[in-house]
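Here is a colleague's note for a student who is reading a structure for the first time. Please keep the sequence and the model open beside the text while working through the numbered points.

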Amino acid sequence: MYNRLAEYQVVGRKLPSEKEPVPKLYRMRLFAPNDVVAKSRFWYFIKQMRKLKKASGEIVACDLILEKRPLKVKNFGVWLRYDSRSGTHNMYKEYRGMSRVEAVEQMYADMAARHRSRFRNVHILKVVELEKNADVKRPYIRQLLDPKLRFPLPSRLPKSAGAGKKVFAANRPSTWY
C-alpha cells in the first residue's frame, strides 16, 4: 500500500550568536508528505511554543523515521487537537494498523469524514503504540483483540474449473453451504 504521509524527525535551533554560541536544540516528530512540508510544519509549531522563527533559526537535521516492525499489526493511540468551526477541541482516538504512519493516515481520513476538518486544522500531539490489550479503551478496537475472532463467509461461489469452464450454466450456482 502506498502511504501518502511519512514520519520525519526534524531538529532545529536558533542561529548561534555572541550572546548564545551554543543554542538549545529542538526536536519534533512530524507527519508530512515530504521533507519540505515537514520543515515548514516544524517552523509553524516552534514559532507557537518558543521565541524562534525561520529567519532567526536553522534546521540541523531532517530524518525519515521508518517502522521497526512493519509486518506486525499494532494498536495505536493518537492524541490530537483540531480547530472546528466553533472552536478548538482535544481528542483521543485509537486505530489499528501496521505502522504509525498508517494510523495517522486513518486518523486524518476519520477526522475529515466525521468532523470535516482539514490537514492544516489537525495538530497531532502524541502517537503511542498500545503494547498491552488492557491499554485499549475504545470498543471498536477492543472487539478486534479476541484471539478466536472469525469472519463468516456466508455467500461463497464454487471454484470454477478454469480452462474448461462454460460461459453459461443450465442452473444458478448454490452459494449457501
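**Notes on a predicted model**

1. A good starting place is R116, which sits in the loop between α2 and β6. The model is a predicted one, and in it R116 has a positive phi of about 55°, even though this residue is not a glycine. Most residues other than glycine have a negative phi, which is the reason for pausing at this point. The two elements on either side of the loop are α2, covering residues 100-115, and β6, covering residues 122-130.

2. The residue R116 deserves a second look for its charge, since R116 belongs to a positive surface patch together with R85, R118 and R120. When the side chains are displayed, these four arginines can be picked out as one group.

3. Stepping back to the whole chain, the protein contains three helices and six strands. Read from the N terminus, the order of the elements is β-β-α-β-β-β-α-β-α, and it may help to trace this order once in the viewer before going on to the pairs of residues.

4. What does the overall size say about the fold, when set beside a compact globule of 177 residues? Such a globule would have a radius of gyration near 16 Å, whereas the protein has 24 Å. The C-alpha trace spans about 90 × 40 × 35 Å along its principal axes, and 31% of the 177 residues count as buried.

5. Two separations between C-alpha atoms add to this picture. E20, in the loop between β1 and β2, and P154 are 134 residues apart along the chain, and their C-alpha atoms are separated by 70 Å. P70, which is found in the loop between β3 and β4, is 30 residues from R100 along the chain, with a C-alpha separation of 9.5 Å. As for accessibility, E20 counts as partly exposed at 34%, and P70 likewise counts as partly exposed, at 44%.

6. Side chains of opposite charge can pair when their charged atoms come close. The structure holds seven salt bridges, and one of them joins the side chains of E7 and R29, with 3.0 Å from N to O. Because E7 lies in strand β1 (residues 6-14) and R29 in strand β2 (residues 25-32), this pair ties together parts that are 22 residues apart in sequence.

7. Are the two partners of that bridge buried or partly exposed? E7 counts as buried, at 2% relative accessibility, while R29 is partly exposed, with a relative accessible area of 42%. The cut-off matters here, because buried means under 20% relative accessible area. The pair is also part of something wider, for E7, R29 and R100 are linked in a network of salt bridges.

8. Another salt bridge brings together the side chains of E58 and R13, at 2.6 Å from N to O. The two residues come from distant parts of the chain, with E58 in strand β3 (residues 57-65) and R13 in strand β1, 45 residues apart. E58 itself counts as partly exposed, at 26% relative accessibility.

9. How far apart in the chain are the partners R69 and E129? Their side chains meet in a salt bridge of 3.5 Å, N to O, and the two residues are 60 residues apart, with R69 in the loop between β3 and β4 (74-83) and E129 in strand β6. R69 is partly exposed, its relative accessible area being 38%.

10. To close, it is worth returning to the loop where the note began and looking again at R116, whose phi is positive and which shares its positive surface patch with R85, R118 and R120.

Conventions: Residues are numbered from 1 along each chain as its sequence is written. This is a predicted model: local features need pLDDT of at least 70, side-chain atom pairs count only at pLDDT 80 or more; totals for chains, interfaces and linings use all residues. Side-chain values use heavy atoms; hydrogens and water are left out. Patches are made of residues with over 30% relative accessible area and no salt bridge: like charges are joined within 9 Å, nonpolar side chains (Val, Leu, Ile, Met, Phe, Trp, Tyr) within 5 Å. Accessible areas come from the Shrake-Rupley method with a 1.4 Å probe; for residues, only the protein chains shown count as cover. Lys and Arg count as positive and Asp and Glu as negative; His and the chain ends are not counted. The place of a charge is taken as NZ of Lys, CZ of Arg, CG of Asp or CD of Glu. Helices (H or I, at least four residues) and strands (E, at least two) are DSSP runs, numbered from the N terminus. Buried means under 20% relative accessible area, exposed over 50%, partly exposed in between (1.4 Å probe, protein chains only). The radius of gyration is taken over C-alpha atoms; the globule rule is 2.2 Å times the number of residues to the power 0.38.
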